[in-house]
Amino acid sequence: MKEFRYINEQVSLKLDSATCIGCGRCTTVCPHRVLALEGKKAKINDFNGCIECGACAQNCPTGAIGVNPGTGCAAFIIAGWVNKITGRRVMSGCC
């Protein structure tokens with residue numbers, strides 16, 4: 001999904017490696033494989049690929065992940081994908 005980006009370096013995703021227990025839930029639920037396990041800890045693998053859906057944070061049992069859903073305008077990103085995939089303008093995007 002590297003071809004789909006919004007604004008680089010503007011994602012609110014945060015990871016506290018010290019709090020991470022390496023359960024891997026975040027890697028399972030992330031739709032864009034933004035997070036990966038390295039050893040026994042999660043790491044941010046593709047920071048700018050995050051669409052701020054919040055799935056990782058909601059599924060982290062220790063609260064090691066934080067994200068403010070929507071601050072990167074995920075609606076705009078998704079609308080752009082739908083428009084590109086369908087070849088027609090079906091959604092205008094952001095709020």
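**Close-up 1. The largest nonpolar core of this predicted model.** Of the 14 residues in this core, L13, C26, V34, L35, C50, C56 and I65 touch the most other members. It helps to know that nonpolar side chains tend to be buried together in soluble globular proteins. Let's pick out C26: leaving aside its neighbours within four places in sequence, C26 is in contact with L35, A42, C56 and I65.

**Close-up 2. Cysteines without a disulfide.** A disulfide is a covalent bond that joins the sulfur atoms of two cysteines. How many disulfides does a search of the whole structure find? The search finds zero. C20 is in no disulfide, and the nearest cysteine sulfur, that of C26, is 6.2 Å away. C20 counts as buried because its relative accessibility is 10%, and buried means under 20%. Why does C50 not form a bond with C56? The closest cysteine sulfur to that of C50 is the one in C56, and at 6.1 Å it is too far for a bond, because a disulfide needs the two sulfurs within 2.5 Å. C50 is buried too, with a relative accessible area of 12%.

**Close-up 3. The largest cavity.** The structure holds three cavities of 30 Å³ or more, and the largest has a volume of about 100 Å³. Which residues are closest to the centre of the largest cavity? Of the 15 residues that line it, they are C30, P31, C50, C53 and C56. Sorted by class, the lining has eleven nonpolar, three polar and one charged residues.

**Close-up 4. Two loop residues with positive phi, R33 and E52.** Most residues other than glycine have a negative phi. R33 is not a glycine, but its phi is positive, near 55°. You can find R33 in the loop between α1 (25-29) and β2 (35-38). E52 is not a glycine either, and its phi is about 60°. Look for E52 in the loop between β3 (41-44) and α2 (55-59). Are these residues buried or exposed? R33 counts as exposed because its relative accessibility is 68%, whereas E52 is buried, with a relative accessible area of 2%.

**Close-up 5. How the elements follow one another along the chain.** The chain has three helices and four strands. From the N terminus on, the order is β-α-β-β-α-β-α. Of the 95 residues of the chain, 35% count as buried. Among contacts with a separation of 6 or more, 50% come from residues 24 or more positions apart.

How values were computed: Residues are numbered from 1 along each chain as its sequence is written. This is a predicted model: local features need pLDDT of at least 70, side-chain atom pairs count only at pLDDT 80 or more; totals for chains, interfaces and linings use all residues. Side-chain values use heavy atoms; hydrogens and water are left out. Buried means under 20% relative accessible area, exposed over 50%, partly exposed in between (1.4 Å probe, protein chains only). On a 1 Å grid over the protein atoms alone, a cavity is a set of points where a 1.4 Å probe fits but cannot get out, and a pocket is an open set with protein on both sides within 12 Å along at least five of seven lines; lining residues have an atom within 4 Å of a point. Grid points are joined across faces, edges and corners, and a volume is the space filled by probe spheres set on the points. Ala, Val, Leu, Ile, Met, Phe, Trp, Tyr, Cys and Pro count as nonpolar, Asp, Glu, Lys and Arg as charged, and the others, Gly among them, as polar. A nonpolar core is a set of buried Ala, Val, Leu, Ile, Met, Phe, Trp, Tyr and Cys residues joined through side-chain atoms within 4.5 Å. Contact means heavy atoms within 4.5 Å. Helices (H or I, at least four residues) and strands (E, at least two) are DSSP runs, numbered from the N terminus.
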